[in-house]
Amino acid sequence: MLLNTIGWELRLQIRYHIVTITALVTISYAAIFYFLPMKGYEKILITLIFSDPAMLGFMFIGVLVLFEKGANTIQALVITPLKPSVYIWAKAFSLTLISIPAGFIMAIIAHGWDFNYLYLLLGIIYSSFLALLIGYIGVSRVRTLNQYLMILPFFLTPLILPLLNFFHLTDSWLLYFIPTQAALNLFEAAFTGFSQTGDILYAVFYPVPWIWILFIQAKKAFIKYN
């Protein structure tokens, strides 16, 4: 059922031009990277790859869910055998599948083929899943796009706080409690590597329980607000 639902979600995203918008954004970034060499500007590259799945994920899941609410699709799904967990995971997996090639294309155009593919892949998956689940928790509480845009900063800001340490604006260990810090570390390590084993363990494993916690909260939100 999950695989079938993911396939259906992907078809919807093609129909609603989400794939097209993602491709246009990726091409725009790739053009910038191609004509402006990234040597000495790796932080810009990492920031864009880090923020791209988060920002697009927040917007796309908001639009999709609000459209389904307006068309009473979710109300209809409630009385079908489709479980809330399948609905939520299908959204997360399908939108993440769109983010993965976008992130790799940007990395290859800007940096060439010499980077750690596994770290980049994990970074995209983690940042995308975290953003999508938090985005769903937020959009489940509202009925209109304007309402969603109003609450968006409250849900998005905590996810991007690790950029303060990344750009040396702060040097706080407290930001390491935010799971997107681990995703950011993975993006950086994809191009520069890890210096210590502890850094690898933190980056690879720390987001996993957070994703599960957010999924549980998203499932509760689905049941409560639909």
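# A tour of helices, pockets and cavities

The residues around the second largest pocket split into seven nonpolar, three polar and two charged. That pocket is the first stop. Before you select anything, note that the model is predicted.

**Stop 1: the second largest pocket**

Select W8, E9, L12, E68 and T73. Of the twelve lining residues, these five come closest to the centre of the second largest pocket. The space there is about 210 Å³. Now colour the helices around the second largest pocket. Those giving two or more residues to its lining are α1 (2-15), α3 and α4 (73-78). Which helix has the largest share of this lining? It is α1, with five residues.

**Stop 2: the largest pocket**

Go next to F166, Y176, Q181, N185 and E188. The largest pocket has a volume of about 290 Å³. It is lined by 17 residues, and the five just selected are the closest to its centre. Show α8 (163-166) and α9 (179-192) here. Each of these two helices supplies at least two lining residues of the largest pocket. Which helix gives the most to the lining of the largest pocket? Helix α9 does, with six residues. Now colour the lining of the largest pocket by class. You should find five nonpolar, eight polar and four charged residues.

**Stop 3: where α3 meets α6**

Select residues 42-70 for helix α3 and residues 117-139 for helix α6. At what angle do their axes cross? The crossing is at roughly 35 degrees, and the axes come within 8 Å. The crossing of α3 past α6 is right-handed.

Turn on the side chains. On the α3 side, the contact residues include I49, F50, P53, A54, G57 and F58. Further along α3, I61, G62, V65, L66 and K69 also take part. On the α6 side, look for L120, I124, S127, S128 and A131, among others. L132, I134, G135, Y136 and V139 in α6 belong to the contact as well. By class, the contact of α3 with α6 holds 15 nonpolar residues, five polar and one charged.

**Stop 4: the largest cavity**

Now look inside. How many cavities of 30 Å³ or more does the structure hold? There are two. Rolling a probe the size of a water molecule over the atoms shows where empty space is left.

Begin with the largest cavity, which holds about 50 Å³ of space. Select its lining: T22, P53, L56, G57, F60, L95, I98, S99, S128 and L132. The elements that give two or more residues to this lining are α3, α5 and α6. Helix α3 has the largest share of the lining of the largest cavity, with four residues. Are there charged residues around the largest cavity, and how do the classes divide? The lining has six nonpolar residues, four polar and no charged.

Some names should look familiar. P53, G57, S128 and L132 line the largest cavity, and these four residues also appear in the contact of α3 with α6.

**Stop 5: the second largest cavity**

Select F50, A54, S127, L159, I160 and T180. These residues line the second largest cavity, whose volume is about 30 Å³. Helices α3 and α7 (145-160) each supply at least two of the lining residues. By class, the lining of the second largest cavity has four nonpolar, two polar and no charged residues.

**Stop 6: where α6 meets α7**

Keep α7 on screen and bring back α6. How far apart are the axes of α6 and α7? They lie 10 Å apart, and the helices pack at an angle of about 145 degrees. Helix α6 passes α7 in a right-handed crossing.

From α6, select L130, A131, I134, G135, I137, G138 and V139. Their partners in α7 are Y148, I151, F155 and L159. The contact of α6 with α7 has nine nonpolar residues, two polar and no charged. Pause on L159: this residue meets α6, and L159 also lines the second largest cavity.

**Stop 7: one residue, L97**

Finish with a single leucine. L97 sits in helix α5 (residues 84-111). Is L97 buried, exposed or partly exposed? L97 has 45% relative accessibility, so it counts as partly exposed. Leaving out residues up to four places away in sequence, L97 touches I6 and L10. Now add L184, which lies 87 residues from L97 along the chain. Draw a line between their C-alpha atoms: the separation is 19 Å.

Terms used. Residues are numbered from 1 along each chain as its sequence is written. This is a predicted model: local features need pLDDT of at least 70, side-chain atom pairs count only at pLDDT 80 or more; totals for chains, interfaces and linings use all residues. Side-chain values use heavy atoms; hydrogens and water are left out. Axes are lines fitted to C-alpha atoms, for helices over the stretch in contact, and angles run from 0 to 180 degrees between N-to-C directions. A crossing is left-handed if the near helix is turned anticlockwise from the far one by less than a right angle, and right-handed if clockwise. Contact means heavy atoms within 4.5 Å. Ala, Val, Leu, Ile, Met, Phe, Trp, Tyr, Cys and Pro count as nonpolar, Asp, Glu, Lys and Arg as charged, and the others, Gly among them, as polar. Buried means under 20% relative accessible area, exposed over 50%, partly exposed in between (1.4 Å probe, protein chains only). On a 1 Å grid over the protein atoms alone, a cavity is a set of points where a 1.4 Å probe fits but cannot get out, and a pocket is an open set with protein on both sides within 12 Å along at least five of seven lines; lining residues have an atom within 4 Å of a point. Grid points are joined across faces, edges and corners, and a volume is the space filled by probe spheres set on the points.
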